[in-house]
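This note is intended for a colleague meeting the structure for the first time. Please read the points below with the sequence and the model at hand.

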Amino acid sequence: SYSQKKVELKKKYFGAYEGAIPSYKYDTGNDLINVEETTIRILIAEEIINIEIGKIQNNGTYSVLFEGDKYYLLDCRMKGQLAGERVIVYKRGKQLSRDGLFPQPNSNLEKVKN
């Protein structure tokens, strides 16, 4: 059997992370729109993830796709979203990064006290 054991995120990585999505430009085809920097907050619990961008909240579930020496790669399935989110939780430094959904840039977040 070549099956792999399911990888789970350790409890010490659960909690709230905060940061900002940097400002960026969005091409609508007719206009170039400037999108201002926006706050982002990600709350990770056992099998549940909540992503809050500005005043918009989205909940979902996640699974660990990969555990490396320095990070975990999470695949997040959010309610009402066709595209999944990718989040990297670093094992050192209490940090994570979120791969931005096009056209958003990637963002880095720091763990905060709840």
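1. Charge. The model is a predicted one. Its protein carries 18 positive and 15 negative side chains. The centres of these two sets are 8 Å apart.

2. Overall dimensions and surface. Taken along the principal axes, the box filled by the C-alpha atoms is roughly 55 × 35 × 25 Å. About 8100 Å² of the protein is exposed, and carbon and sulfur atoms supply 49% of that area. The chain has 114 residues, of which 32% count as buried.

3. Secondary structure. The protein comprises 10 strands and 0 helices. Read from the N terminus on, the elements therefore follow the order β-β-β-β-β-β-β-β-β-β, with numbering that starts at the N terminus.

4. The barrel. Which strands close into a barrel, and in what order? The barrel is formed by 8 strands, in the order β1-β4-β5-β6-β7-β8-β9-β10, with antiparallel pairing. From one strand to the next, the twist averages 30 degrees. As to contacts between residues at least 6 apart in sequence, 37% of them join residues at least 24 apart.

5. Strands β5 and β6. Within the barrel order, β5 is followed by β6. Strand β5 covers residues 48–53 and strand β6 covers residues 56–67; the two run antiparallel and are joined by 6 bridges. Ile53 has Ile56 of β6 as its bridge partner.

6. The hairpin of β2 and β3. Strand β2 (residues 24–27) and strand β3 (residues 32–35) also run antiparallel, with 4 bridges joining them. Tyr26 stands opposite Ile33, a residue of β3. Between the strands of this hairpin lie 4 residues, and Gly29 takes a positive phi near 100 degrees.

7. Pro105. This residue is placed in the loop between β9 (95–99) and β10 (107–112). Is Pro105 buried, exposed or partly exposed? Its relative accessible area is 24%, so Pro105 counts as partly exposed: the buried class requires a value under 20%, and the exposed class one over 50%.

8. Surroundings of Pro105. Which residues are in contact with Pro105, leaving aside its neighbours within four places in sequence? They are Ile21, Pro22, Tyr24 and Gly100. Of these, Tyr24 falls at the start of the range given for β2, residues 24–27. Phe66 lies 39 residues from Pro105 along the chain, and 22 Å separates the C-alpha atoms of the two.

How values were computed. Residues numbered from 1 in each chain as written. Predicted model: local features only at pLDDT ≥ 70, side-chain atom pairs only at ≥ 80, totals over all residues. Heavy atoms only, no water. Pairing = 2+ DSSP bridges. Axes fitted to C-alpha atoms, helices over the stretch in contact; angles between N-to-C directions. Buried < 20%, exposed > 50% of the residue type's maximum accessible area, 1.4 Å probe, protein only. Contact = heavy atoms within 4.5 Å. Areas by Shrake-Rupley, 256 points an atom, 1.4 Å probe, with all protein chains shown as cover. Lys, Arg positive; Asp, Glu negative; His and termini not counted. Charge placed at Lys NZ, Arg CZ, Asp CG, Glu CD.
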